[in-house]
Amino acid sequence: MDTQEILLQFKNGQMSLEEAEGYLKRQPFEEMGYAKLDSHRKLRSGFAEVIFCSRKADAHLLEIFRRLYEEEGEVLGTRASQHQYELLKKEFPQVQYDEISHIIKIEKEGKKRIGKIAVCTAGTADIPVAEEAAQTAEFFGSNVDRIYDVGVSGIHRLMSRLDVIQSTNCVVAVAGMEGALASVIGGLVSNPVLAVPTSVGYGANMNGLSALLTMINSCANGIAVLNIDNGYGAGYMATQINRLAERDGNHSFGEETEHE
């Protein structure tokens, strides 16, 4: 619950003064022994804490998921396995799991989304990372257009969707192999491009290092580069950019805009 929600509930008589004061006085993290939940993260940044599920012990994941859900009424986890989904589903039948992105979540119904982000991939093998970015951005309240398989080996495919890409507040370009997609898009749009190298490619791709170096050394302007396979980071950053663009456009956060 963020500060605005607390104040609105107090103003509307849904929360007593003592309860509101308790929320605001609460220490900025919850001690769990094996973890310290950052309960004030949403107050500071506008985004609640997200669970990185990979390598977490079952008992730890279950309790962290439960605490965040109780606190926020929704929860997002990344890099989750099928086993972890089955574990959580026993206690949370409403939990949703996507086998492509490995996103696991419980999301509030009727969530309003603002603005528009384009998530583009060079090839279909890059879609898992792109979906991690797209679903993260959607969870945090952004509209997303998916434009997949538009790599430079058939650049006419990209050009056929250029009007959509140019109309967005931010573009996420996800590519493996040589990672050239971000440079091409960067030379065609006026808004920020977040480049995400993937570990897709043959031996000299070096698990994404060649794509990373290409993107870092791009001669196109307005490109920022994320870590290899870091779709979550791209979705988060894209949402921040989208929020700023919508705020400057006189839209309030969370206000729904028309999206075709």
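What share of the contacts with a separation of 6 or more in the protein chain comes from residues 24 or more positions apart? The figure is 66%. Keep in mind that this is a predicted model, so everything I say today is about a prediction.

Okay, the overall picture. The protein chain has 11 helices and 11 strands. Out of its 260 residues, 47% count as buried. As for the outside, the accessible surface of the chain is about 13,100 Å², and carbon and sulfur atoms account for 51% of that.

Let me zoom in on a pair of helices. Have a look at α4, residues 58–72, and α5, residues 82–91. Their axes come within 10 Å, and they cross at roughly 50 degrees. That angle makes α4 oblique to α5. As for handedness, the α4 and α5 crossing is right-handed.

Who's actually touching? From α4 you've got Asp58, Leu61, Leu62, Phe65 and Arg66. On the α5 side, the contact uses His83, Gln84, Leu87, Leu88 and Glu91. Sort the residues in that α4–α5 contact by class and you get 5 nonpolar, 2 polar and 3 charged.

Next stop, α10, which covers residues 209–216. Which residues are buried in this helix? Those are Ser210, Ala211, Leu212 and Met215. And what do the buried residues of α10 pack against? There are strands on that list, namely β9 at 170–175, β10, and β11 at 223–225, and there's also a helix, α9 at 181–186.

Right, now a bit of backbone. Most residues other than glycine have a negative phi. Here are a couple of residues to click on with that in mind.

Just ahead of α10 in our tour is the loop between β10, residues 193–197, and α10, and that's where Met206 sits. Met206 isn't a glycine, yet its phi is positive, about 50 degrees. Is Met206 buried or partly exposed? With a relative accessible area of 47%, Met206 is partly exposed.

Then there's Asp149, in the loop that runs between β8, at 142–147, and α7, at 155–159. Asp149 also isn't glycine, and its phi is positive too, near 65 degrees. Its relative accessibility is 30%, so Asp149 counts as partly exposed.

So, if you're scrolling through the model after this, go to the right-handed crossing of α4 and α5, then the buried residues of α10, then Met206 with its positive phi and Asp149 with its own. That's it from me.

Methods
Residues numbered from 1 in each chain as written. Predicted model: local features only at pLDDT ≥ 70, side-chain atom pairs only at ≥ 80, totals over all residues. Heavy atoms only, no water. Axes fitted to C-alpha atoms, helices over the stretch in contact; angles between N-to-C directions. Helix = DSSP H or I, 4+ residues; strand = E, 2+ residues; numbered from the N terminus. Parallel < 35°, antiparallel > 145°, perpendicular 65-115°, else oblique. Left-handed = near helix turned anticlockwise from the far one by under 90°. Contact = heavy atoms within 4.5 Å. Nonpolar A, V, L, I, M, F, W, Y, C, P; charged D, E, K, R; others polar. Buried < 20%, exposed > 50% of the residue type's maximum accessible area, 1.4 Å probe, protein only. Areas by Shrake-Rupley, 256 points an atom, 1.4 Å probe, with all protein chains shown as cover.
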